[in-house]
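Good morning, and thank you for making time for this item. Please bring up the sequence and the model, and I shall go through them.

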Amino acid sequence: QLQFVDSGGGLVQSGGSLTVSCAASGFSMDNYDIAWFRQAPGKEHEGVSCISQSDSSPVYTDSVKGRFTIARDNAKNMAFLQMSSLKPEDTGIYYCVANFACSVFEHWNPAYWGQGTQVTVSS
């Protein structure tokens, strides 16, 4: 199973910064593309960002471009999402997902989301 333990969420004021992390649990993430998804209350899961195995040309959804940065550390078997200039619309539960083809990561349909980590941005 391609599962992660997500962590690092918290309560942040609008305009603030926060970095969330995920650790691969029970598998090596080296050979997978890694994406961050989020789910706001009452909304469907939304693909936020994706980083490929080659660590090149990361992909971001339009609403976070210029504000979020995705990174991976294969030696630590972890991935990160650095978030800045946070807005209330960024509020949600954030999840790591492993799969293939960052070019179409918005259409990934994970069988298991895990617990995620809650990010709340106050206005």
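The lining of the largest pocket comprises 9 nonpolar residues and 5 polar ones, with no charged residue among them. I should say at once that we are looking at a predicted model. The pocket in question has a volume of about 180 Å³. In total, 14 residues line this pocket, and those nearest its centre are Leu2, Gln3, Pro110, Ala111 and Tyr112. Two elements, β1 and β9 (92-99), each give two or more residues to the lining. Of the elements, β9 gives the most, with 4 residues.

Let me use those two strands to introduce the sheets, beginning with the one that holds β1. This is an open sheet of 4 strands in the order β1-β3-β8-β7, with antiparallel pairing. At its edges stand β1 (3-7) and β7 (68-73); each has a single partner strand, so one side of each is left without a neighbour in the sheet. From one strand to the next, the twist averages 20 degrees.

Within this sheet, β3 (residues 18-25) and β8 (residues 78-83) run antiparallel and are joined by 6 bridges. Two positions illustrate the register. Valine 20 is placed opposite leucine 81 of β8, and serine 21 has phenylalanine 80 of β8 as its bridge partner. On the other side of the topic, β7 and β8 also pair in the antiparallel sense, over 6 bridges. Here alanine 71 stands opposite phenylalanine 80 in β8.

What are the covered and uncovered faces of β8? Ala79, Leu81 and Met83 make up the covered face, while Met78, Phe80 and Gln82 make up the uncovered one. As a general point, side chains in a regular strand alternate between the two faces of the sheet.

The connection between β7 and β8 deserves a remark. These strands form a hairpin with 4 residues between them. In the turn, asparagine 77 has a positive phi of about 60 degrees, although it is not a glycine. Is asparagine 77 buried or exposed? Its relative accessible area is 17%, so asparagine 77 counts as buried, the cut-off for that class being under 20%.

A comparable backbone feature follows β8. Serine 85, in the loop between β8 and β9, has a phi near 50 degrees, again a positive value in a residue other than glycine. With 38% relative accessibility, serine 85 counts as partly exposed.

I turn now to the sheet that contains β9. This is an open sheet of 6 strands with mixed pairing, in the order β2-β10-β9-β4-β5-β6. The edge positions belong to β2 (10-13) and β6 (59-60), each having a single partner strand, so that one side of each lacks a neighbour in the sheet.

Strand β4 is the one I would ask you to look at here. Of its 7 residues, 6 are buried, and β4 is therefore largely enclosed by the rest of the structure. On one hand, β4 and β9 run antiparallel and are joined by 7 bridges. On the other, 5 bridges join β4 to β5, again antiparallel. In that second pairing, arginine 38 has glutamate 46 of β5 as its bridge partner. A hairpin is formed by β4 and β5, with 6 residues between them, and glycine 42 in the turn has a positive phi of about 75 degrees. Further along, β5 (residues 46-51) is joined to β6 by 2 bridges in an antiparallel arrangement. One of the residues involved is cysteine 50, whose bridge partner in β6 is valine 59.

I close with a single residue of β4 (residues 33-39), namely aspartate 33. How accessible is aspartate 33, and what does that make it? Its relative accessible area is 7%, and aspartate 33 is therefore buried. Opposite aspartate 33 in β9 stands asparagine 99. Isoleucine 51 lies 18 residues from aspartate 33 in sequence, yet their C-alpha atoms are 5.8 Å apart in space. Leaving aside residues up to four places away in sequence, the contacts of aspartate 33 include Cys50, Ile51, Ser52 and Gln53, as well as Arg72, Val97, Ala98 and Asn99. Also among them are Phe100, Ala101, Cys102 and Trp108.

Terms used: Residues numbered from 1 in each chain as written. Predicted model: local features only at pLDDT ≥ 70, side-chain atom pairs only at ≥ 80, totals over all residues. Heavy atoms only, no water. Pairing = 2+ DSSP bridges. Axes fitted to C-alpha atoms, helices over the stretch in contact; angles between N-to-C directions. 1 Å grid on protein atoms, 1.4 Å probe; cavity = no way out; pocket = protein on both sides within 12 Å on 5 of 7 lines; lining within 4 Å. Points joined across faces, edges and corners; volume = space filled by probe spheres on them. Nonpolar A, V, L, I, M, F, W, Y, C, P; charged D, E, K, R; others polar. Buried < 20%, exposed > 50% of the residue type's maximum accessible area, 1.4 Å probe, protein only. Contact = heavy atoms within 4.5 Å.
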